[in-house]
Amino acid sequence: MFSGTCPFEYKTAVALLFSGIFHLIALLLVFLAFSDFFSGLWNPEVEMVTHVIKSINNLIIALAMYELGVGVGKEYTSDVAGESIFVSVRRTISRFVGTVCIALVLEALIMIIKYSQLELAGNLYYPVAILVACALLLASLGVFLALTRRVCEEDQLSCNIQHQSANATQGSAAESSAAAQPARA
C-alpha cells in the first residue's frame with residue numbers, strides 16, 4: 001500500500017506524527033504540573049511539599065517526553081537535512097539518556113528529601129538504587145559513545161569528501177558554462 005513512489009514521505013509523516021504526540025503529552029504534563037501545584041496552594045489539608053514533589057515529577061516526565069519527541073522528529077527526518085544518520089542517532093541518544101539521567105537523579109533526590117521529612121530512613125534503599133541505576137546508565141552511554149566514535153568520524157569524513165566533490169563539480173560546471181558564453185562588451 002505504501003511501498004509506491006513515496007515511502008520516504010510516509011516515514012517522515014509518521015515520525016512527525018509521533019513527534020507531535022510526544023510534544024502534546026509533554027504540554028499536557030506541564031499543564032498537569034501547574035494544576036497540581038496551584039491546587040496545593042488552595043488545599044491546606046494536604047502538605048504543600050507533596051504537591052511540589054508531584055509537580056516536579058510531572059515536569060521531569062514532561063521534559064523526557066519533549067526530548068523523546070525532538071529525538072524522534074530529528075532522527076527520522078535527518079535524511080532531509082543532509083545530516084549523517086549515525087551522527088544524528090548518536091546525538092539524539094546522548095541527549096535523551098542525559099535527560100533521563102537528570103530525571104532519575106532529581107527523582108532520587110526528591111525521594112531522599114521526602115523520606116527524611118517523613119522519617120522513613122528504611123526506605124532510602126529505593127533512591128540509592130535509582131542513583132546506582134543512573135550511574136550504570138551513564139557508564140553505558142560512555143561505552144556507547146566510545147564505541148561509535150570511530151564510525152561517526154569515518155562517516156563524517158566521507159560526507160565531507162562527498163560535499164567537497166559535489167561543490168567542486170558544481171563549481172567547474174559553472175565555470176565551463178561561463179566560458180562557453182561569448183564575451184559581451
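## Report on a predicted four-helix model

His-51 has its place in helix α2; helices here are DSSP runs of H or I of at least four residues, strands are runs of E of at least two, and both are numbered from the N terminus. The coordinates come from a predicted model, in which local features need pLDDT of at least 70 and side-chain atom pairs count only at pLDDT 80 or more, while totals for chains, interfaces and linings use all residues. Residues are numbered from 1 along each chain as its sequence is written, and side-chain values use heavy atoms, with hydrogens and water left out.

**Overall architecture and confidence**

The protein has four helices and zero strands, in the order α-α-α-α along the sequence. Of its 185 residues, 23% are buried (under 20% relative accessible area; exposed is over 50% and partly exposed is in between, with a 1.4 Å probe and protein chains only). Among contacts (heavy atoms within 4.5 Å) between residues at least 6 apart in sequence, 69% join residues at least 24 apart.

The mean pLDDT, which is the predictor's confidence in each residue from 0 to 100, is 78 for the protein, and 74% of the residues reach 70 or more. Confidence is highest in helix α1 (residues 7–41), at a mean of 87, and lowest in helix α4 (residues 125–180), at 76. Where pLDDT is low, the predicted coordinates should not be read in detail.

**Selected residues in α1 and α2**

| Residue | Helix | Relative accessible area | Class |
|---|---|---|---|
| Ser-19 | α1 | 8% | buried |
| Gly-20 | α1 | 28% | partly exposed |
| His-51 | α2 | 10% | buried |
| Ser-55 | α2 | 5% | buried |

His-51 counts as buried because its relative accessibility is 10%. Leaving aside residues up to four places away in sequence, His-51 touches Asp-36, Ser-39, Gly-40 and Val-46. The C-alpha atoms of His-51 and Asp-36 are separated by 6.0 Å, although the two residues are 15 apart along the chain.

Asp-36 is also touched by Ser-55, together with Ala-33 and Phe-37, under the same exclusion of residues up to four places away. The side chain of Ser-55 reaches the backbone nitrogen of Phe-37 at 3.2 Å.

Ser-19 touches Gly-69, Val-70, Val-72 and Gly-73, again not counting residues up to four places away in sequence. Val-70 is also paired with Gly-20: their C-alpha atoms are separated by 8.9 Å, and the residues are 50 apart along the chain.

**The cavity**

The structure holds one cavity of 30 Å³ or more. A cavity is a set of points, on a 1 Å grid over the protein atoms alone, where a 1.4 Å probe fits but cannot get out, and its lining residues have an atom within 4 Å of a point. Grid points are joined across faces, edges and corners, and the volume is the space filled by probe spheres set on the points.

The largest cavity has a volume of about 30 Å³. Its lining consists of Val-70, Gly-71, Lys-74, Ser-88, Arg-91, Thr-92 and Arg-95. Helices α2 (48–81) and α3 (85–117) each supply at least two of the lining residues, and α3 gives the most, with four. By class, one lining residue is nonpolar, three are polar and three are charged. In this scheme, Ala, Val, Leu, Ile, Met, Phe, Trp, Tyr, Cys and Pro count as nonpolar, Asp, Glu, Lys and Arg as charged, and the others, Gly among them, as polar. Val-70 thus appears both in this lining and among the contacts of Ser-19.

Technical notes:
On a 1 Å grid over the protein atoms alone, a cavity is a set of points where a 1.4 Å probe fits but cannot get out, and a pocket is an open set with protein on both sides within 12 Å along at least five of seven lines; lining residues have an atom within 4 Å of a point. A polar contact is a pair of N or O atoms within 3.5 Å; within protein, one must be able to donate a hydrogen and the other to accept it, and residues adjacent in sequence count only if both atoms are side-chain atoms.
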